[in-house]
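Subject: Structure for your review

Dear colleague,

Please find below the structure that I am handing over to you. My notes on what was found in it follow.

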Amino acid sequence: MFETLTEKFQRAFKNLRGQGKLTEEHLDVALGEIRDALLEGDVNLKVADELLASIRAKALGSEVMLQLSPDQQVVKIVRDELGSLLGDQSKPRYAAKPPSVWLIVGLQGSGKTTTTGKIGRWLQHNGHRPLVVSTDVYRPAAREQLAQVARGAGVACFPAANLSQPLDIARAALREAKLSASDVVLVDTAGRLHIDDELMAELAELKKELQPAEILFIADAMIGQDAVRSAGEFHRRLGLTGIALTKLDGDARGGAALSIRKVTGAPVKFVGLGEKYDALEPFYPDRIVSRILGMGDMLSLIERAEQTLDRRKAEDLAKKLRREEFSLEDFRDQLQQVKKMGSLEQLVGMLPKIGPLQNLPKDLDVDERRLKRVEAIINSMTAAERADHHLIDGKRRKRIARGSGTTVQDVNDVLKQYMEMRRMIKQYGALGRMKGRGLGKLGSPS
Amino acid sequence: MITLFGPPEPTLAERLKKSVSRTREVLTMPLGELLAGGQKIDEALLKKLETALLSADLGVRTTREVLAALREEAEQQKITDSGQVRAELKKKLSGILCAPAARNGTVESAPMVIFVVGVNGTGKTTTIGKLANRLRKDNRSVLLCAADTFRAAAVEQLEIWARRNGIEMVRQKTGADPAAVVFDGLAAARARGVDVVIVDTAGRLHTKSNLMAELEKMKRTAAKQVAGAPHEVLLVLDATTGQNGLAQAREFTEHAGVTGLVLTKLDGTAKGGIAVAIVRELGLPIRFVGTGEQIDDLLPFDAATFVNSLLD
């Protein structure tokens, strides 16, 4: 199978592990692995070689740190180098006097229109009044697409139905923004090749006229070696101010981020993580480095958990766990809380691929429909059954299966899972009492 | 007999050359001079070859294997001059690309059913518009089936291509079950005695197991309506795609039974080298290449031209 950058790094570092001293020879073996990994992760060849040279120089020149083993030391240097290449997190820019114009540019099929909708929604959730407009007068149904995307994302869209010139459309949208007190105008543009002189000139003209606060280059995370050429050319002609990396919910490692950043100097400001309109996140360079290095994106996971989990319910549950009163109802609540955090696939992708988790299958079969089925089964129980699962006999199981459109076998499976979870909680509780610490920070045992 | 290919295209080399010459303006690849001949084959030369192949997205493994074979031949004195390296390299790459025994793309009785699949944004819908045009030129009756019921305005986009081609399209509401649209489309094709049905599918990342399962369901539905359908499953691959292309091809082949590739956006500066790795590993033939946004910018794949553009 395609070895991910993460796995490669791990293998490279495993060879370094256990070495008392870092020899040049060992280092070169590891660097060779890292080079392969970077190339397979679509980091541009030149960029990769430059990175390696500077990693090598630092690794050899660095003083031996007593607290770090040689492999840890190399990990740290690689981490620092990738991190410093990606730069610090960078905030979006707004014009001193609204409305700010953000120009959305990129190659065909990179995800400009979807991203425009997502950014619009993101702006709206951050207290702005965005207006989106499509200047793509070339691709069939492109403007209709943005109109539908905007409707889905709940963002205002300027129709400009009777105009046919990109510049006229943008101007009209700007006028409309002033009238409707919109403070950010997102101008979606037609996808184009960086070597298409005529269309690149059109963008330059749009820039000149609109004086955008942001010119965002939308880049497909799956793009290969050519990224430096296309991004470089867009940058040369327009002066990009930021990058949005799309389709990062696949198994692309995001090596393009390094290449594009290197060649344009523009920071990655957003990442797209799915087809839903809220699947957009600000870019956290250290998190992506962590993801590349196999430390997982725990920060994103924790942040999402904090945003969505219901604190009061969590506390209630903690109390119940302490009293070992985990009912089927609580089981269902847990499922719902997890669902609120986003798709399971996204969550699994954020887990670190190290330690016990490193053998997780890559396309872990996180079937959302199965979750739904479990929920349906619990919903088909009576309140009394949910409170005490001992009530659920064969006859009741049949009824629950009918009610939830499943089979008795499915119902049995859910009950088995639930009892397994209960058993684990009991054990955990007993362990907590033994150590006298209760369940971590959740409180002391009663 | 219905065939997927029209008469041979004399303009192929010219047209690719046009896009390649634009390429040359942007980047001057020293490979042409490098392989001009008269030089010794040494490590420095092989290193430069490696750079060229990696830059064309052939990937670490394919590049390494091709170079190892060249090195061996040099050691055995089979090739001694840098000029021969070029010819040898071309032979090797063409060999990989021509290896897959392409099905002849024909069915005995109408309608022939073609599924067009791929990740988001590779150019599926545009390719369908162009493919329909090719078939129309070959005097085939074509019906489009708008089974991308997910993406905003995907149906409208396909409808414009149907209109440009003067052909009919079967559609349902946005959000409808794509398998149901396939069912309708194939039923309509049978009723009207259409030669070819092209089914547009929603772009999906190959890692989404539920969406891949949806493709499988669409295939099953098609097979129930027309025996042996889909006869062709074309995976549309963006030439700018890097190493992830291999994972895409693997997953789509496993779940959707891909029968051939369409390499799009070759009019840019990307070489599409990942296609070599895909053909090599999965034995899939490249059927067509896309070289622009116009209706006739779709050409049958030609290995020699493609390899030349890789090495030029």
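Two strands are taken to pair if DSSP finds at least two bridges between them. The model is a predicted one, and the strand pairing described here was computed from it.

With that definition, strand β7 (residues 232-238) of chain B is joined to strand β8 (residues 260-264) of chain B by five bridges, and the two run parallel. Within this pair, L237(B) lies opposite L263(B) of β8(B). Both strands belong to an open sheet of eight strands in chain B, with the order β5-β4-β6-β3-β7-β8-β9-β10 and mixed pairing. At its edges are β5 (168-170) and β10 (298-300) of chain B, each of which pairs on one side only. From one strand to the next, the twist averages 25 degrees.

Chain A also contains an open sheet of eight strands with mixed pairing, in the order β3-β2-β4-β1-β5-β6-β7-β8. Here the edge strands are β3 (156-158) and β8 (280-282) of chain A, each pairing on one side only. The twist in this sheet averages 25 degrees from one strand to the next. Strand β7 (residues 268-272) of chain A pairs with β8(A) in the antiparallel sense over three bridges, and V271(A) has E281(A) in β8(A) as its bridge partner.

Two helices of chain A pack on this sheet. Helix α7 (residues 166-179) of chain A touches β1 (100-105), β2 (130-134), β3 and β4 (184-188) of chain A, and its direction makes about 165 degrees with that of β2(A). Helix α8 (residues 197-210) of chain A touches β1, β4 and β5 (214-220) of chain A, with its direction at about 170 degrees to that of β1(A).

As regards the interface, 46 residues of chain B are in contact with 39 residues of chain A. The area buried between the two chains is about 3,900 Å², 55% of which comes from carbon and sulfur atoms. Of the area that chain B buries against chain A, Q243(B), N244(B) and T269(B) supply 12%, more than any other three residues.

Three salt bridges are found across the interface of chain B and chain A. In the salt bridge between E50(B) and R35(A), the closest N and O atoms are 3.8 Å apart. There are also 16 residue pairs in polar contact across the interface, both residues being at pLDDT 80 or more. By class, the side of chain B that touches chain A comprises 13 nonpolar, 18 polar and 15 charged residues.

Yours sincerely

Conventions. Residues are numbered from 1 along each chain as its sequence is written. Chains are lettered from A and ligands numbered from 1 in the order in which they are written. This is a predicted model: local features need pLDDT of at least 70, side-chain atom pairs count only at pLDDT 80 or more; totals for chains, interfaces and linings use all residues. Side-chain values use heavy atoms; hydrogens and water are left out. Helices (H or I, at least four residues) and strands (E, at least two) are DSSP runs, numbered from the N terminus. Axes are lines fitted to C-alpha atoms, for helices over the stretch in contact, and angles run from 0 to 180 degrees between N-to-C directions. Contact means heavy atoms within 4.5 Å. Buried area is the accessible area (1.4 Å probe) that two parts lose on being put together, summed over both. A salt bridge is a side-chain nitrogen of Lys or Arg within 4 Å of a carboxyl oxygen of Asp or Glu. A polar contact is a pair of N or O atoms within 3.5 Å; within protein, one must be able to donate a hydrogen and the other to accept it, and residues adjacent in sequence count only if both atoms are side-chain atoms. Ala, Val, Leu, Ile, Met, Phe, Trp, Tyr, Cys and Pro count as nonpolar, Asp, Glu, Lys and Arg as charged, and the others, Gly among them, as polar.
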